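Subject: Structure for your review

Hello,

Here is the structure I said I would pass on. My notes on what turned up in it follow below.

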Amino acid sequence: MTDPHAGPAPALRRLLDLLASGAATEDFADVLADARRRGAPAAVLSEIDDATWQALRVHRTLRQHRRREAELTALFDTAGDLAASRELDTVLQAIVRRARMLLGTDTAYLTLPDEAAGDTYMRVTDGSVSVLFQNLRLSLGDGLGGLVAQTARPYATPDYRTDERFHHTGTIDAGVLDEGLVAIIGVPLLLGGQVIGVLFAADRSPRAFSPDEVALLCTLAAHAAIALDTAKSLADTRAALAELNSANELIRAHSAAVQRAEQGHDRLTDLVLRGAEVPDVAAAVAALLGGEIAVLDTGGEPLAGRAATAEGLAEAVAASRTEGRSVRHGEAWVCAVLAGQEPLGTLVLRGRPDLDDADRRLFERASVVTALLLLLRRSVAEAENRVRGELLADLLTAPDRDPAGLTARGRRLGVDLGRPHVVLVAEPAGAPGTAATDRSRLAGAAERYLFGSRGIGAEHGETVVLLVPADGAPPGARGPDGPDAADTARLAAERAAERLARLAGFPVTVGAGRPAAGPVALAAAHAEGLRCVRALRVLGRSGEGASARALGFLGVLLGDGHDVDGFVGATLGPLLDYDARRGTELVRTLRAYFDCGGSLTRAKDELHVHVNTVVQRLDRVEVLLGRDWNHPERSLELQLALRLQLLSGA
């Protein structure tokens, strides 16, 4: 029988084995139960219980990663299916089948417009059992599909039967009832700003579709619309070859252009399936089109290539979103990168002032592939940011509890805490008392600001904290051991304040601590950055970014290692002690006197007392501090101490 006083090591090894083998959640609880049956001490049981909880968290995170990987693999398989398909019916069946698989619904179907009849009809279904439903014809504007076609926007309903947002008809409701459908989502197939069909997924029980599911289905629909257009173009080409022998050369040229577009599309699809990054796709498209490609994020910052001319770019991107196609922008071409209606970035093509139809479609296909990659990167980043946020919270609250453990956790997440970092403390410029929603928006802006970098950020207390590698600071600032270490923090704070304000939509104050390495030093740098934010607020510089060193003598006092409390006590001690013993307001009176520029009249209005009372209090200040209290040098020292005393909250 096992020694009841044995340590927790066997149980911890068993938990690791369960994680490695992908065991069920229930198996983790057996480890603690087994240790309890063997009579392990209470301390060991407590440690095993904590380890089990941590193991379950890792297990849940791994499971979420696998689910996301399965969704993206299915989406990439769809790209392969569509690229390999040549027949229109095969394309449509692949679209519907993959839509059903992506969302895990009971059924999926696709409707196309019948221009001759002036309505839409059910072209392909997957998972349907009702003949009545399979033969439905919908008048334009009727049902959920009519609403999608009219607005060119996705719509989802958790319960079709009770949803009054769209026009119900007896024919449509009868078909839906016969199929037993309840929850339905429909997204438009857009080509050149025109709705060429509607793709649906539906369940036979109530269900709320998440924004991620809507975005995935919209991306599939965008991809499918282009593939559908290609299949139709091929069909038209075959018919033209059979009927128009006199136009043989023209048809051959058209066919070659379409083939080139398909090859380009296959090349992009292959890049996605091989796990390429955004710069790889940009390089491939640039080679195919013989121009220069830049990929910009939603803020106009380059993700690949060089930045574009800002003048008129926003209007061109808006036009591309409205038309659903690439548009001309001076000597360049611009195409919005979208996931459904959500903007993810922009593609800019230079060096090709004239694009034929095939090359223009290839450029637009590149935007769809780029959207897939950005969605993948965002999904992975969101999962990583949650785990990194937990690391940041532990780092700032208990850095000396387990520095080696914190460093190891950071290394597993791609963050080397042993290397120099700049700690940035950010708050909405309206703080203190800023609404929690503003802090949440600021946290979201920080996530977008750090997207694609090795930095981490999270809400912490009343602020948002960002940990940025010092070697990722703006040009001209070297590491923390070099002569420009102060500039590293200052430039990082100024840049963050500007970008975060733009992303959040309101002014943001950012304070930076000195560059530091290691958990304990980073926590101290955070404290310095927090004091710097408070100093900016008191100095009336909200909405700016600065480091403690950049605040001059006040910043030096606020910096790590300086006895601010001792300075305040030595300078204002007699007044503070007198106020504490007598219940007077000498410190408040002195602050009002200086704030009012030495005017007794303005000071008495500020304090709501008689001017004689102000004079009497200042006489007492002179008795306690000496006759030189109002001389320039002593006055400066007193005003600085009053500022620091106000800043410290004493």
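**Strand pairing, helix packing and some single residues**

L338 stands opposite P343 in β11. That pair belongs to the junction of β10 and β11, two antiparallel strands joined by 7 bridges. In the same pairing, A336 is placed opposite T346 of β11. Please keep in mind throughout that this is a predicted model.

**The chain as a whole**

The protein chain has 22 helices and 16 strands. Of its 650 residues, 47% are buried. The accessible surface of the chain is about 30,800 Å², and carbon and sulfur atoms hold 51% of it. Among contacts with a separation of 6 or more, 61% are between residues 24 or more positions apart.

**The five-stranded sheet**

The strands β10 and β11 sit in an open sheet of 5 strands, ordered β8-β7-β11-β10-β9, with antiparallel pairing. At its edges are β8 (302-304) and β9 (327-329), each of which pairs on one side only. From one strand to the next, the twist averages 35°.

Helix α10 (residues 278-289) packs on this sheet and touches β7 (292-296), β8 and β11 (342-350). The direction of α10 makes about 150° with that of β7. A further helix, α11 (residues 313-323), lies across β7, β9, β10 and β11. Helix α11 runs at about 55° to β10.

Going through the pairings, β7 and β11 are antiparallel and share 5 bridges. Within that pairing, A294 stands opposite V348 of β11. On the other side of the sheet order, β9 pairs with β10 (residues 332-339) in the antiparallel sense over 3 bridges. There, V327 has V334 of β10 as its bridge partner.

Two hairpins are worth a look. The hairpin of β9 and β10 has 2 residues between the strands, and G330 takes a positive phi near 65° in it. The hairpin of β10 and β11 also has 2 residues between the strands. In that hairpin, G340 has a positive phi near 70°.

How much of β10 and β11 is buried? In β10, 7 of the 8 residues are buried, so the strand is largely enclosed by the rest of the structure. β11 is mostly covered, with 7 of its 9 residues buried.

**S326, ahead of β9**

S326 is in the loop between α11 and β9. Its relative accessibility is 0%, so S326 counts as buried. Which residues is S326 in contact with, leaving aside its neighbours within four places in sequence? They are S320, W333, V334, C335, R360, F363 and E364. One of these contacts, V334, is the residue of β10 that V327 has as its bridge partner.

**The α20 and α21 pair**

Helix α20 (residues 600-607) packs with helix α21 (residues 611-625). The angle is about 100° and the axes are 9 Å apart. An angle of 65 to 115 degrees counts as roughly perpendicular, and α20 and α21 are therefore roughly perpendicular to each other.

On the α20 side, the contact is made by L600, A603, K604 and L607. On the α21 side, the residues are V611, V614, V615, R617 and L618. By type, the residues of this contact divide into 7 nonpolar, 2 charged and no polar.

**Positive phi outside glycine**

H608 lies in the loop between α20 and α21. Although it is not a glycine, H608 has a positive phi of about 60°. Is H608 buried or exposed? At 71% relative accessibility, H608 counts as exposed.

A152 is another case: it has a positive phi of about 55° and is not a glycine. The residue A152 is in the loop between α6 (143-151) and β4 (155-157). Buried means under 20% relative accessible area; A152, at 18%, therefore counts as buried.

Regards

How values were computed:
Residues numbered from 1 in each chain as written. Predicted model: local features only at pLDDT ≥ 70, side-chain atom pairs only at ≥ 80, totals over all residues. Heavy atoms only, no water. Pairing = 2+ DSSP bridges. Helix = DSSP H or I, 4+ residues; strand = E, 2+ residues; numbered from the N terminus. Axes fitted to C-alpha atoms, helices over the stretch in contact; angles between N-to-C directions. Contact = heavy atoms within 4.5 Å. Parallel < 35°, antiparallel > 145°, perpendicular 65-115°, else oblique. Nonpolar A, V, L, I, M, F, W, Y, C, P; charged D, E, K, R; others polar. Buried < 20%, exposed > 50% of the residue type's maximum accessible area, 1.4 Å probe, protein only. Areas by Shrake-Rupley, 256 points an atom, 1.4 Å probe, with all protein chains shown as cover.
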